[in-house]
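Colleague: Could you walk me through how to read this model, one feature at a time?
Modeller: Gladly; let us begin with the whole chain and then turn to single residues.

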Amino acid sequence: MKIKLFCALGMSTSMLMNKMKQVAKEKGIDVEISAYSSTQFEDEVKDTDVALLGPQIEFMLDDLKKVSNGVPVAVIPMQDYGMMNGTNVLKLALKLVEEAKK
């Protein structure tokens, strides 16, 4: 499974990405997680199972959903983002992928 994180510059999501990778490894979840700038969304969303946005680009959600080709897109809750809670963000991503399969 591929999870891609997007924020204004791709910097803060890189830290969160590392936390998520650590949690996935500990739990034995086979997942590929990467972080990008919001300007790369349209190119990168084509090859992913779920796209998560940093809270600072929440205002772009509706526009990004329009170009997501059916890939689930959601905003990472501010508290989880601020606390770099890799566990909760990974749970969110897995939930979105499961819901999309239904």
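**Reading the chain, then its residues**

Modeller: This is a predicted model. A good place to begin is its surface: the chain exposes about 5,900 Å², and carbon and sulfur atoms supply 51% of that area.

Colleague: And what is the order of the elements from the N terminus on?

Modeller: For the fold, list the elements before looking at any detail. The chain holds 5 helices and 4 strands, and from the N terminus they run β-α-β-α-β-α-β-α-α.

Colleague: What radius of gyration does the chain have, and what would a compact globule of 102 residues have?

Modeller: Here the idea is to set the value beside the one expected for the chain length. A compact globule with 102 residues would have a radius of gyration near 13 Å; the chain has 12 Å, so the two agree. You can put the extents next to that: the C-alpha trace spans about 35 × 30 × 20 Å along its principal axes.

Colleague: How much of the chain is buried?

Modeller: Buried here means under 20% relative accessible area. Buried residues make up 47% of the 102 residues. Sequence separation adds another view: of the contacts between residues at least 6 apart in sequence, 63% join residues at least 24 apart.

Colleague: How many positive and negative side chains are there, and how far apart do the centres of the two sets lie?

Modeller: Count each sign, then compare the centres. The chain has 13 positive and 14 negative side chains, with the centres of the two sets 5 Å apart.

Colleague: Now the single residues. Which residue does the UniProt annotation "modified residue: Phosphocysteine" cover?

Modeller: With an annotation, ask where the record comes from, then look at the site in the model. The annotation, from an unreviewed UniProt entry, covers Cys7. Cys7 sits in strand 1, residues 2-7. Its relative accessible area is 1%, so Cys7 is buried.

Colleague: What does Cys7 touch, leaving aside residues up to four places away in sequence?

Modeller: Cys7 touches Ser12, Thr13, Tyr36, Ser37, Ser38, Gln56, Ile57 and Tyr81. You can read Ser34 the same way. Ser34 is in strand 2, residues 32-37, and because its relative accessibility is 16%, it counts as buried. With sequence neighbours up to four places away again left out, Ser34 touches Ile3, Lys4, Leu5 and Met17.

Colleague: Where does Gln79 lie, and is Gln79 buried or exposed?

Modeller: Place the residue in its element, then check its accessibility. Gln79 belongs to helix 4, residues 78-82. At 64% relative accessibility it counts as exposed, because the cut-off is over 50%. For a sense of distance, Gln79 and Ile33 are 46 residues apart along the chain, and their C-alpha atoms are separated by 20 Å.

Colleague: Let us finish with backbone angles. What is the phi of Asn69, and what is the phi of Met84?

Modeller: Here one looks for positive phi in residues other than glycine. Asn69 has a phi near 55° and lies in the loop between helix 3 (61-66) and strand 4 (73-75). Met84, also not a glycine, has a positive phi of about 50°, and its place is in the loop between helix 4 and helix 5 (86-101).

Colleague: Which of these counts as buried, and which as exposed?

Modeller: Asn69 counts as exposed, at 64% relative accessibility, whereas Met84, at 18%, counts as buried.

Conventions. Residues numbered from 1 in each chain as written. Predicted model: local features only at pLDDT ≥ 70, side-chain atom pairs only at ≥ 80, totals over all residues. Heavy atoms only, no water. Helix = DSSP H or I, 4+ residues; strand = E, 2+ residues; numbered from the N terminus. Buried < 20%, exposed > 50% of the residue type's maximum accessible area, 1.4 Å probe, protein only. Rg over C-alpha atoms; globule rule 2.2 N^0.38 Å. Contact = heavy atoms within 4.5 Å. Areas by Shrake-Rupley, 256 points an atom, 1.4 Å probe, with all protein chains shown as cover. Lys, Arg positive; Asp, Glu negative; His and termini not counted. Charge placed at Lys NZ, Arg CZ, Asp CG, Glu CD. UniProt positions renumbered as here; feature names shortened; annotations may be inferred.
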